[in-house]
Amino acid sequence: MTRPRRSLVHVNDTPYYHCVSRCVRRAFLCGYDAAHQADYSHRRAWVVERLAELSAIFTIDVCAYAVMSNHYHLVLKIDRERAQALSEAAVMQRWARLFNLPLLVERYREQETTTEAEARSAQAIIQTWRERLMDLSWFMRCLNEYLARRANAEDGCTGRFWEGRFKSQALLDEAALLTCMAYVDLNPVRA
């Protein structure tokens with residue numbers, strides 16, 4: 001039986017995770033698709049650019065990655081201390097790079113809230129965003145949704161692009177981290 005990621009990800013035990021997402025059916029993430037005579041190599045740049053953008057927004061570092069023809073591997077490090085050290089303004093600025101801010105938070109940012117209750121509500125929303133900026137599921141959601149929308153638009157289709165939610169594996173010690181990073185780096189060579 002599947003379990004929610006929040007019950008599998010324990011930053012206190014380890015900040016390092018190996019994540020994998022696989023395309024559905026015969027969809028191509030990148031590379032040459034001989035069945036359709038199409039080259040999707042340019043999509044690798046989409047993944048790399050989005051990873052760079054997300055790692056600048058989230059407090060999650062990309063330690064290693066490999067983009068294959070129908071899936072990708074990531075080794076990620078969740079930086080909890082950096083997330084806790086962010087100011088409210090920094091949290092709002094980072095979140096606004098991905099999503100529209102609600103009116104209440106916009107008013108709080110401009111110091112236009114009229115009551116203490118509004119200010120507390122805005123602060124609670126900002127705290128939720130702070131938690132999400134160090135959340136593996138939100139990071140992967142922002143990556144996978146972006147890639148799926150672009151690929152579906154390019155292919156002129158709708159529907160699922162990914163096989164399901166991403167798979168993740170905690171890397172509990174340095175040996176596991178080094179082994180996994182070597183596996184990810186050598187995965188394209190092995191393929």
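Reader: How far is the sulfur of C63 from the closest cysteine sulfur, and in which residue is that sulfur?

Author: In this predicted model, local features need pLDDT of at least 70 and side-chain atom pairs count only at pLDDT 80 or more, while totals for chains, interfaces and linings use all residues. Residues are numbered from 1 along each chain as its sequence is written, and side-chain values use heavy atoms, with hydrogens and water left out. A disulfide is a pair of cysteine sulfur atoms within 2.5 Å. The sulfur of C63 is too far for such a bond, because the closest cysteine sulfur lies at 9.7 Å, in C180.

Reader: How many disulfides does the structure hold?

Author: For C180, too, the closest cysteine sulfur, in C19, is too far for a bond, at 9.2 Å. The number of disulfides in the structure is zero.

Reader: Is C180 buried or exposed?

Author: Buried means under 20% relative accessible area, exposed over 50%, and partly exposed in between, with a 1.4 Å probe and protein chains only. C63, at 30% relative accessibility, counts as partly exposed. C180 has a relative accessible area of 8%, so C180 is buried.

Reader: Which element gives the most residues to the largest nonpolar core?

Author: A nonpolar core is a set of buried Ala, Val, Leu, Ile, Met, Phe, Trp, Tyr and Cys residues joined through side-chain atoms within 4.5 Å. The largest one has 44 residues, of which F58, L74 and F139 touch the most other members. Helices (H or I, at least four residues) and strands (E, at least two) are DSSP runs, numbered from the N terminus. The element that gives the most to this core, with nine residues, is α7.
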